[in-house]
Amino acid sequence: MAKRIESELVVDLRGRPIETLDDFWDAVAEPCGLPEWFGRNTEAWRDTIQTRGISEVIDSYDVVVVHVDKRGVFAARNREARALRGAFSGKHSRLVVHELL
């Protein structure tokens, strides 16, 4: 039996300053096809990437992979940063945080 290859939506935000969660929502809105009514919070993001049914773009892929630099909100050790990172847990999403050179 042949193994099915998963399709990935890759959103590469490296080089883009993401200092706040609002910056993150602005950055992913277009490439992920988020609707105007999207909640712009980690719970809404988790629903979008794990439960599906919110974005036709995301729903057309098996996995969403977001690449970011380890700076701004992704270098912070605060509740918002942990919640956003935690929203990527699951089989339908991956957050890749790249060290700055």
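Which residues form one aromatic cluster? Select Phe24, Trp25, Phe38, Trp45, Phe74 and Phe88, and you have it. Keep them coloured; the tour comes back to them.

**Before you start**

This is a predicted model, in which local features need pLDDT of at least 70, side-chain atom pairs count only at pLDDT 80 or more, and totals for chains, interfaces and linings use all residues. Residues are numbered from 1 along each chain as its sequence is written, and side-chain values use heavy atoms, with hydrogens and water left out.

Colour by pLDDT, the predictor's confidence in each residue, from 0 to 100. The mean for the protein is 91, and 95% of its residues reach 70 or more. Among the elements, E1 has the highest mean, 97, and H4 the lowest, 87. Where pLDDT is low, the predicted coordinates should not be read in detail.

The element names follow DSSP: helices (H or I, at least four residues) and strands (E, at least two) are runs numbered from the N terminus.

**Stop 1: the strands**

Select E2, residues 63-69. 7 of its 7 residues are buried, so E2 is largely enclosed by the rest of the structure. Buried means under 20% relative accessible area, exposed over 50%, and partly exposed in between (1.4 Å probe, protein chains only).

Show the side chains. In a regular strand the side chains alternate between the two faces of the sheet. In E2, Val63, Val65, His67 and Asp69 point one way, while Val64, Val66 and Val68 point the other way.

Add E1, residues 8-12. E1 and E2 run parallel and are joined by 5 bridges. Two strands pair if DSSP finds at least two bridges between them. Val10 stands opposite Val65, and Asp12 has His67 as its bridge partner. E1 has a covered face with Leu9 and Val11, and an uncovered face with Glu8, Val10 and Asp12.

Now add E3, residues 93-98. E2 and E3 also run parallel, with 6 bridges between them. One bridge pair to find is Val68 and Val97.

**Stop 2: the core**

How many residues does the largest nonpolar core have? It has 26, and those with the most contacts inside it are Leu13, Phe24, Val28, Trp45 and Val66. E1, H1 (21-29), H2 (42-51), E2 and H4 (79-87) each give two or more residues to this core. H1 gives the largest share, 5 residues. A nonpolar core is a set of buried Ala, Val, Leu, Ile, Met, Phe, Trp, Tyr and Cys residues joined through side-chain atoms within 4.5 Å.

Zoom in on Val66. Beyond its neighbours within four places in sequence, Val66 is in contact with Val11, Leu13, Phe24, Trp45, Phe88, Arg94, Leu95 and Val96. Contact means heavy atoms within 4.5 Å.

Next, go to Leu84 in helix H4. Is Leu84 buried or exposed? Leu84 is buried, with a relative accessible area of 1%. With the same neighbours in sequence left aside, its contacts are Leu21, Phe24, Trp25, Thr42, Trp45 and Phe74. Try a distance label too: the C-alpha atoms of Leu84 and Arg46 are separated by 8.8 Å, and these residues are 38 apart along the chain.

**Stop 3: the aromatic pairs**

The structure holds 7 aromatic pairs. Rings of Phe, Tyr and Trp (its six-membered ring) pair if their centres lie within 6.5 Å; planes under 30 degrees apart count as stacked, over 60 as edge-to-face and the rest as tilted.

Select Trp25 and Trp45. Their ring centres are 6.1 Å apart and their planes at 55°, so the pair is tilted. Trp25 lies in H1 and Trp45 in H2, so the pair ties together parts that are 20 residues apart in sequence. Both are buried.

Swap Trp25 for Phe88. The rings of Trp45 and Phe88 have their centres 5.8 Å apart and their planes at 55°, so this pair is tilted. Phe88 sits in the loop between H4 and E3 and Trp45 in H2, so the pair ties together parts that are 43 residues apart in sequence.

**Stop 4: around H2**

The buried residues of H2 are Thr42, Ala44, Trp45, Thr48, Ile49 and Gln50. They pack against H1, H3 (56-59), E2, H4 and E3.

Finish with two loop residues. Most residues other than glycine have a negative phi, and most peptide bonds are trans. Arg40, in the loop between H1 and H2, has a positive phi near 55°. Arg40 is partly exposed, with a relative accessible area of 34%. Arg52, just after H2, has a positive phi of about 75°. Arg52 is buried, with a relative accessible area of 16%.
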